[in-house]
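Dear colleague,

I am sending you a structure for your studies, together with an account of what was found in it. Please keep the structure open beside this message while you read.

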Amino acid sequence: MKKKALLFLVLVLAFLTACSNDGTKSGEDPVLKVAVSEDTTTLDTATINDDYAENIIIQVYDTLVKRNANGEIVNSLAESVENPDPTTFVIKLREGVKFSNGDPLTVEDVIFTLKRAAGTEKFKSFYGKIIPESYEKVDDLTLKFKLSEPDAAFLNSLSHPAVSILSQKFIEGGADPNTELMGTGPFVLDEWVQNDHATFSRNENYWGDNPKISGIEMKVIPEASQRVIELESGGVDLAYKVDPNDVAQIEENEELQLFKKLDNSVHFIGFNMSKEPFSNKAAREAMINAIDINSIFETVYMNSGKLATSAINPNFKFSIADSIEPNKVDSEKAKNLFAEAGLGEGSKLSIYTSDNTQRVNVATMMQDQLSEYGIGLDVERLEWGAFIDALQASEHDMFIMSWNPSIVDPHYELLQPFHSSNKGHGPNYMYYSTEELDALIQKGISTTDDAQRAEIYKQAQELINRDMPWLYICYGETIVAGNKNIDGLDILPKYPQELKDITIKEK
């Protein structure tokens, strides 16, 4: 009897020894645990509207080309992309690429994906220039098509998650693209519980180098401080959207590391121009002169990033941001303009924000500053889905958001936030519309000469600054914190991160 008990004890100890602290058996690749700040409302590539969707999509799907951490366009599913004349594109696919179920990637899948994106209201301006009749299957790995007119940003647009390559057979077979994802990327989405978590396992049919992690667990943790606590306790390996207030604490912790990069985002306060008081330019100008953005930047953002002065981030070509001085407070001017706009003692305004801690803090500081003018500010804090619903219903007077286009070209920096066709869609919840700017945006994309584009976008930025649909905050900085045993994260200048090259070293 004693021998049996001893044998059982030896087996138990052997099993425990073969397992790591997180339950991973010795010799098995670990699961990467990530704390994310917010969740998306849809995973359908044809309707995505935020970085939170791309955060999941980027793990499961591939695009034909992508932009790497150095800001360069590189081939992904495409082996080559040729542009023999301004309107013709010839794309050769990589050989041997399969979807996660083992089906081969085909030219037909690429054509199906491009047609699907071009057929949506949201992305027809990106891909609607492809002449439908021009698609040609040159051979099993090569396709050719023509644009109806030159598009200076079209190669960049092929990196957008809206044209993550889908399986035609899978989608036409009845799969729901909002919840059922099947791509050629490094991971498979196993489960998505909105506003709670997403789990992934390794795609065994992936065409690239196999990830060194067996899967990913993403936990939605809205509070920035709680994400850091989870990281410090070992509950997660990575924490996204680190609050600048927590940077010093992380830097002092020998068990943690920081990844930082000035990103392509613009953080802003948007005015709802579809109704009073902000349909009146005097009210917008009054707010711009009343709010001390510099103190907000120093206090909330801890000087992380750079004060914003123009709608085009200085990381983009043709930005004039560096030639413009940031806004300064002019209390007397603000008082006069508030009076002109009918805003005085006892007036009430609303500002809507998501659960993002920084944005809530910005709204709170604005609330305090506006009280000096006798103006009350109701801060409406909502989870992301409810926040977007409220903006689409035009409930707000003001809102806080950021814009970081997936296509790094000044055209896309301006198109979605400011073009009339996007009025009432993210991020144009200012309901901003002007024919003059629409014409400049169109002219900029149709012109391939850089000198001409520079002048066009200079005029566009000056026009936006005259109309004042935004109160600029700052150009952001991507800050991710991780355990010291994380290696291989080449941080991208945006919220979504590619996780396939990460390794987790044994402690």
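The largest cavity in this predicted model has a volume of about 800 Å³. It is lined by 50 residues, and those closest to its centre are Asp-51, Lys-241, Arg-359, Ser-402 and Tyr-495. Several elements each supply at least two residues of this lining: the helices α2, α7 (224-233), α12 (357-371) and α13 (384-392), and the strands β12 (256-271), β16 (398-403) and β17 (470-483). Of these, β17 provides the largest share, with 6 residues. When the lining of the largest cavity is sorted by class, 22 residues are nonpolar, 16 are polar and 12 are charged.

How many cavities of 30 Å³ or more are there? The count comes to 3. The second largest cavity holds about 60 Å³ of space. Its lining consists of Val-36, Glu-38, Asp-39, Tyr-52, Asn-55, Ile-56, Trp-192, His-197, Ala-198, Met-218, Val-220 and Tyr-495. You will recognise Tyr-495 from the residues closest to the centre of the largest cavity. Helix α2 gives the largest share of the lining of the second largest cavity, 3 residues, while α2, β9 (197-202) and β10 (215-220) each supply at least two. By class, this lining divides into 8 nonpolar, 2 polar and 2 charged residues.

I turn next to a pocket. The second largest pocket has a volume of about 480 Å³, and 32 residues line it. Ile-58, Lys-66, Arg-67, Lys-494 and Glu-498 lie nearest its centre. The elements giving two or more residues to this lining are α2 (51-60), β2 (65-67) and β3 (73-75). Which element gives the most to the lining of the second largest pocket? It is α2, with 4 residues. The lining of this pocket comprises 13 nonpolar, 11 polar and 8 charged residues. Helix α2 thus appears in three places in this message: in the lining of the largest cavity, in that of the second largest cavity and in that of the second largest pocket.

Two pairs of helices also deserve your attention. In the first pair, helix α9 (residues 281-290) packs against helix α11 (residues 331-340) at an angle of about 155 degrees, and their axes are 8 Å apart. An angle over 145 degrees counts as roughly antiparallel, and α9 and α11 are therefore roughly antiparallel to each other. The crossing of α9 past α11 is left-handed. On the α9 side, the residues in contact are Ala-282, Ala-283, Glu-285, Ala-286, Met-287, Asn-289 and Ala-290. They meet Ser-331, Lys-333, Ala-334, Leu-337, Phe-338 and Glu-340 of α11. The residues of this contact comprise 8 nonpolar, 2 polar and 3 charged.

In the second pair, helix α14 (residues 410-418) and helix α15 (residues 435-446) pack at an angle of about 150 degrees, with their axes 10 Å apart. This angle makes α14 roughly antiparallel to α15. Here too the crossing is left-handed, as α14 passes α15. Helix α14 contributes His-411, Leu-414, Leu-415 and Phe-418 to the contact, and helix α15 contributes Leu-437, Asp-438, Ile-441 and Ile-445. By class, the residues of the contact between α14 and α15 are 6 nonpolar, 1 polar and 1 charged.

Yours sincerely,

A colleague

Definitions and conventions:
Residues numbered from 1 in each chain as written. Predicted model: local features only at pLDDT ≥ 70, side-chain atom pairs only at ≥ 80, totals over all residues. Heavy atoms only, no water. 1 Å grid on protein atoms, 1.4 Å probe; cavity = no way out; pocket = protein on both sides within 12 Å on 5 of 7 lines; lining within 4 Å. Points joined across faces, edges and corners; volume = space filled by probe spheres on them. Nonpolar A, V, L, I, M, F, W, Y, C, P; charged D, E, K, R; others polar. Axes fitted to C-alpha atoms, helices over the stretch in contact; angles between N-to-C directions. Parallel < 35°, antiparallel > 145°, perpendicular 65-115°, else oblique. Left-handed = near helix turned anticlockwise from the far one by under 90°. Contact = heavy atoms within 4.5 Å.
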